[in-house]
Amino acid sequence: MDILYTGPLGAAWLKFTLIALAAFSLGFALSLRLRGVFFLGERLLLGLVFGLAIFTAINFLAALLFGVHTNAVIAVLAIMLVIAVLLLRASTSAPSVGLNLSLGKKSFGQRLTHAGRSKVDLLGVAVFASSMLIFSALASRLLIWQNGALATGYLDAWGDLPLHLSLITSFLNEGALPLRSTILAGEPLTYPFLSDFFSATLMALGMPLDHAIELPTILLNSVTLTLLYYLGYRLVRHRGAATLAPALLLLAGGLGFLWFLSDLYYAPKSLWEFLQHLPRRYTNIGELKIHWVNPVLAHLLPQRSFLFGFPLGLAVILLWWNQAQSKRPRHAAIAGIITGALPLFHMHTFMTLMMAGAMFGLLALFRREARNARVPYWLVFGATALLAAAPAIIYLLSSQVSVRSIRWHVGWMAEGENWLWFWLKNLSVFIPLLLVALASSKLLRLRKRALHFYLPFGALFVICNLFLFSVFAYDTNKVLIFWFLLSLPFVARLLVALYQSTSWWLHGFAFRALLLALIFSGGLNLLHEFQNGGWPELTAEEAQLAQQLRKETPAHATFLTAPMHNNLLTLAGRGVVLGYPGHVISHGLDAAPIEQAIAAMFSGDSSAARHLREHEVAYIVLGPNERQRYGDKTAWLAQRFPLFMQSENYRVYKVEALGAEMSAVVKQVSE
């Protein structure tokens, strides 16, 4: 399948909007079946994320048999539209499950004119529209094409983006969907890949690569922020605090601004000149053990699995809240099915929801008045989630991925430093404000219902300070971030109370000082990311060579390259013997033996033939990185293998085309 790397934005937006609307139609029709009182905006958002997730999942199942094809994707959209129309007709003809009851006791028209709720929804529209504008600016720097060369505007995306590019382009190969790793030959694909698969389906409909990555980033992150707004309102019942919560997420940071002030003091520049050339990232200063990177740069932009992980996770939490006080809680199975679908979207969100659900179940056991209704709800949720997730979990555990990544480790990344000082540096005054807000629940008019609902998420903070949930300690923040999200509304509520105070000291000084302490470092970090011309991923030569290799090599071919994150095969959709070792290690695999085998193959020692055979190498790429790593030892390649393709700085040698040719080559190398 021919693919476009870039193209006009307007046409891509139109196509993406039509696809999203078609998927949304089914999701919204299903959301109308949810019992309980939801705001209209909540149903629209739930419908959008449910529809896009269903669209992705159905296309994935079809692709397992037939591959990713334009006609198949269009057929899925058509089927979803037909089912949506049938469901909507059934809803309007059956009041018991129709629009009126599903939106509460009021009719649809009355519901929209209800003063309090309409203001909530109008603010929701404002949050969504503002988020779309903000992420349109941010996502435009995810992929930067400069005279044919590819770069990214974000350092945190620089390491991960090539992995996602390799997955997306590999999904577009002809034939049934290959569930194999593109960065480790011979291993199954155990990375949660459905967000990347969604981008591949967009490309199957003719959308260029850059827009197939950027547009889902804009839309789904905007849904995340707006769901956070609605959930915040549910928890604290204050529109101002609910609106402030997404803003605090966007600009979150720690005490790194103190080192900014120090750098500014010693810098031989004016304030304006210094701000134009910030020397470092003030939410990520490793030597000071400041590791809580601004969430936009740590999760929302580079972590593509979170594109569905965040909105689906918040959707489940919103369903939990909606049924929390019901005498007969419903939709346990629906919440379980959504959670069970998460392992292939985002494993850490699945783990987070399962832990939170288990804690909710334990709390229900200790509440006698709610035990009869609550315990069955959480049992049904857990059983349904595990049953729905079982195929994906069995598949993931069929590889060499280690489950030992979950282990006892005190203090997250404090590494012996005083915990209080560590978290103060990383989150500024966030935790103190959270504790004050929870302790002042009566003054802030926080309901016991909200405080009880928050308990399992507050416990996540304690759990993540006692256990790690990833090979690399840093990645445990993928669980911690849900504690942070559920804590934001309470901190925002306290800040709004300070702002509304009649005391000048609280209103004029404390509010401004505390707000600045929360957002100063994050704002500096975002500003810093816009002060570079892009972090280079591939040169124009590499991008062009990748396109040629994609056209002229078999989709299943394995390439031998130097182990690195941004080799040119990322754009070709071809697998390599080993990509970036850090990615492989983060998946629980041992990369060291393979690195040694790669060195042997490039140097042509006595074990080269055996390694070529074991890794089924079809082509060898010799470029600047390979020459730099292995030096003159690579000269033997030109003598032993035919030249398949070349450019100014690259040579690609053919090792096998058919089985017989492979045997001859191996014999020649052995001699």
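**Strands, a helix and a patch**

Me: Which residue in S10 stands opposite Tyr619?

Reply: First, a caveat: this is a predicted model, where local features need pLDDT of at least 70, side-chain atom pairs count only at pLDDT 80 or more, and totals for chains, interfaces and linings use all residues. S8 and strand S10 (residues 651–654) are antiparallel partners over 4 bridges; strands here are DSSP E runs of at least two residues, helices H or I runs of at least four, numbered from the N terminus, and strands pair if DSSP finds at least two bridges between them. Across from Tyr619 in S10 sits Lys654.

Me: And which residue in S8 does Leu560 stand opposite?

Reply: For bookkeeping, residues are numbered from 1 along each chain as its sequence is written, and side-chain values use heavy atoms, with hydrogens and water left out. Strand S6 (residues 558–560) runs parallel to S8, joined by 3 bridges. Opposite Leu560 you'll find Ile620.

Me: Is strand S8 largely enclosed or open, and how many of its residues are buried?

Reply: Buried means under 20% relative accessible area, exposed over 50%, and partly exposed in between, using a 1.4 Å probe and protein chains only. S8 covers residues 617–622, and it is largely enclosed by the rest of the structure because the buried count is 6 of 6.

Me: In the open sheet S1-S2-S5, which strands stand at the edges?

Reply: This sheet has 3 strands with antiparallel pairing, in the order S1-S2-S5. An edge strand has a single partner, so one side of it is left without a neighbour in the sheet; that applies to S1 (144–146) and S5 (535–538).

Me: What is the bridge partner of Gln146 in S2?

Reply: S1 and strand S2 (residues 149–152) run antiparallel, joined by 3 bridges. For Gln146, the partner in S2 is Ala149.

Me: How far does helix H9 reach from its first C-alpha to its last?

Reply: H9 (residues 209–236) has 28 residues, and 28 of 28 are buried. The expected span is 1.5 Å times one less than the number of residues. That gives 40 Å for H9, and the helix comes close to it, at 41 Å.

Me: What phi does Arg237 take just after H9?

Reply: Arg237 comes right after the helix, and its phi is positive. The value is about 55 degrees.

Me: What is the relative accessible area of Phe66?

Reply: Phe66 belongs to helix H2 (residues 40–66). This residue counts as exposed, and the figure is 54%.
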